[in-house]
Amino acid sequence: MSKLRFKAVAAAANRKPVEVEKPKGKTSEYYGVNVFNRRAMSKYLSKETFKIMSKVIDKGEPINRGIAEHVAAGMRMWALENGATHYTHWFHPLTDGTAEKHDAFVEHDGQGGLIEEFSGKILAQQEPDASSFPSGGLRNTFEARGYSAWDPTSPAFIVEDTLCIPTIFISYTGESLDYKTPLLKSISSVGKASIDVCHYFPGSEDVTKVNSNLGWEQEYFLVDEDLFAARPDLMLTGRTLMSHESAKNQQLEDHYFGSIPQRVIKFMEELEYESYALGIPVKTRHNEVAPNQFELAPIYEECNLAVDHNLLIMSLMEKIARRHSFRILLHEKPFKGINGSGKHNNWSLTTDTGINLLSPGKDTEENLRFITFIVNILAAVHKNNGLLKASISSATNAHRLGANEAPPAIISVFLGSQVSDILDKFESSTVKDAIVVDDKKGLSLGVGQIPEILLDNTDRNRTSPFAFTGNRFEFRAVGSSANCASAMTALNASVAEQLRLFKAEVDALIKKGKAKEEALYEILKKYIKESRPIRFNGNGYSDEWKAEAAKRGLDCETSVPVIYDSYTSKQSIKTFAGILSEVELHARNEVKWETYTKKIQIESRVLGDLALNHIIPVSITYQSILLVNVAKLKDVFEDYKIKGAEQIRLIDKISSHVNAINAKVHEMVDARKKANNIENEREKAIEYHDVVAPYLDEIRYHIDKLELIVDNNMWPLPKYRELLFIR
Ligand code: ADP
Ligand code: MG
């Protein structure tokens, strides 16, 4: 009998929900208590410093050393009063997750004792010895200096005993080594480009700042910790590399939006309490489609803050799950045969005057502005569809995309029938019939009123990777384990570049003597025509769409290492101007290829070990039992071959699966050796994708067959039904 598996099942089945203590008061009363937010700043900073900090946050004004000194003093006092003993620069290296190195506040006081110290210099800049973070060759180890620098637009916060200061991370030579630096640049770029375009329209001529917003929806699985510990593949790779499907999984759709299991509710409650204390406005929680799959979503926020909050919440989830004897799975595809997890990125642009630029307006001018932004986003996504796909591609997300549960590995835009109709009408009209001269209003566009029901009438096409949902776009192809910054940087940069081009083209026509409305109209019409191939309202899962998309010239590449090539295309280099240099783009791709290779390499090793050390021995043991049985039948019966027919059949099957597994594992090891000798990171990753990765499925096939043959009592690894239904 497999001891570990059955002990784990028993432990998991007997687990009780863990009670959690609700913070005192209403949510609004303890919201943000662990954040050095405006409320705390107004209390701990002088009026003057507070005013300057508000400008830094709202207007992106630069900060000087003197101010940093004042802020550090206030921040230190606040942190010490709230129990912090350490501080850290918190940054997002090019690995998954976040990095932090804690230092205590203490310094010598010169009299044999210690005092709590924290200067503006330390707040503003640090030099972590971070030579082990990936740089894609941007840093040599002999000059491995990397600097972290304070991002004052994302407030500092306290986790346990540590004051965390959000920072960017750059190399000695100024290249970015993180996700945040290009994200901040892309936010600023799309903001500036949007302001200029806003100024064409009455009603938004006074706009001085445009924000990009992000509302992410985080999907995840929870698995009991004992069952998790009995699955080396889950522990080491985040996904199950084997296991036959459970007889029941998600067919009945009885989990989706069902009542949340008690242990899980307690986990969610504690997560929410901690999130609120950290100023993360979590709002929605529910069961997802697959068994033991759940979702969490906050109210959307400014993009940079939303990205920080998502990273913070992913680490909170890991920590809090353990307190409830769960392990959280953020992998995009932990289980074969059921849905994987994504992270929809809801994205919009809003002005400091309260306008959502992706919301249809009340009158024709506002609607022209709405159409302008929609059409430019279409054009941006069209031109950069390969890049946007690259921005969400990873070894782990590849299992989900194109798997009939998630968007295909082709980027297209779903607009819904109403907005599509409006654009079609716009495209087929002539300037004369579209622009009506109205005595009172001057020029106005006769493109028709956009019905008010638009907002609640967006037919939700779940198969689209990039869908318009009434007042925002939803980038659905993002993976559950990803740093949203990657997708948001690519999107903001694409839209920014497109809006700048649009402005240049419109201005050129105006200069030639065209009326503003006419110029806008002409260019928009051109863009609608050019970007038509990106629009697709049909079923993104169908094979017809794959064929059609190829005909339309959309990027249909499915190999992740090759998809990354889009980052360095001519168009991408233009798109990233001022955000990431060509050198940085190449360096980042090196990191991506290396990460891809390592992930497949680890999976391949883990599967090889499990196959040879767990699965084959157990299968042979069971086969021996059958052999003994047949031998004994032979002692008793002459027709033992008839009486033992089933045993003999199984003996034969086990042999053929065991031999196949053994042969494939050795072939895979050889394939790995060959791949490891390749020096070029891109080629190595391609070799891992083309030659090594296919073995994972082939070997799994035979293991899953054996799972159905071998005595259940002997099978060593928790089965899907146990992982997915014990909670
Ligand atoms: P769904 O119905 O797609 O599951 P919800 O309506 O719950 O999604 O919203 C998903 C996310 O979209 C939330 O984070 C929400 O705050 C966010 N969201 C709503 N409106 C906007 C907007 N204008 N811009 C960006 N995000 C938004
Ligand atoms: Mg959604």
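**A walk from one helix pair to the whole fold**

Helices α11 and α16 are roughly antiparallel to each other (an angle over 145 degrees between N-to-C directions), so start your tour with this pair. This is a predicted model, in which local features need pLDDT of at least 70, side-chain atom pairs count only at pLDDT 80 or more, and totals for chains, interfaces and linings use all residues. Residues are numbered from 1 along each chain as its sequence is written, and chains are lettered from A in the order in which they are written.

Select residues 303-323 for α11 and residues 484-511 for α16: they pack at about 160°, with axes 9 Å apart. Those axes are lines fitted to C-alpha atoms over the stretch in contact, and angles run from 0 to 180 degrees. The crossing is right-handed (the near helix is turned clockwise from the far one by less than a right angle).

Next, show Cys303, Val307 and Asn310 on α11 with Cys484, Ala485 and Met488 on α16, which make the contact (C-beta atoms, placed from the backbone, within 7 Å). By class, five of the contact residues are nonpolar, one is polar and none is charged.

Now zoom out and colour by secondary structure: the protein has 25 helices and 19 strands (DSSP runs: H or I of at least four residues, E of at least two). Its C-alpha atoms fill a box of roughly 105 × 80 × 55 Å along the principal axes.

Finally, try colouring by burial: 48% of the 727 residues count as buried (20 or more other C-beta atoms within 10 Å of their own). Of the contacts with a separation of 6 or more, 76% come from residues 24 or more positions apart.

Conventions: Angles under 35 degrees count as roughly parallel, over 145 as roughly antiparallel, 65 to 115 as roughly perpendicular and the rest as oblique. Two residues are in contact if their C-beta atoms, placed from the backbone, lie within 7 Å. Ala, Val, Leu, Ile, Met, Phe, Trp, Tyr, Cys and Pro count as nonpolar, Asp, Glu, Lys and Arg as charged, and the others, Gly among them, as polar. A residue is buried if 20 or more other C-beta atoms lie within 10 Å of its own, exposed if 12 or fewer, and partly exposed in between; C-beta atoms are placed from the backbone.
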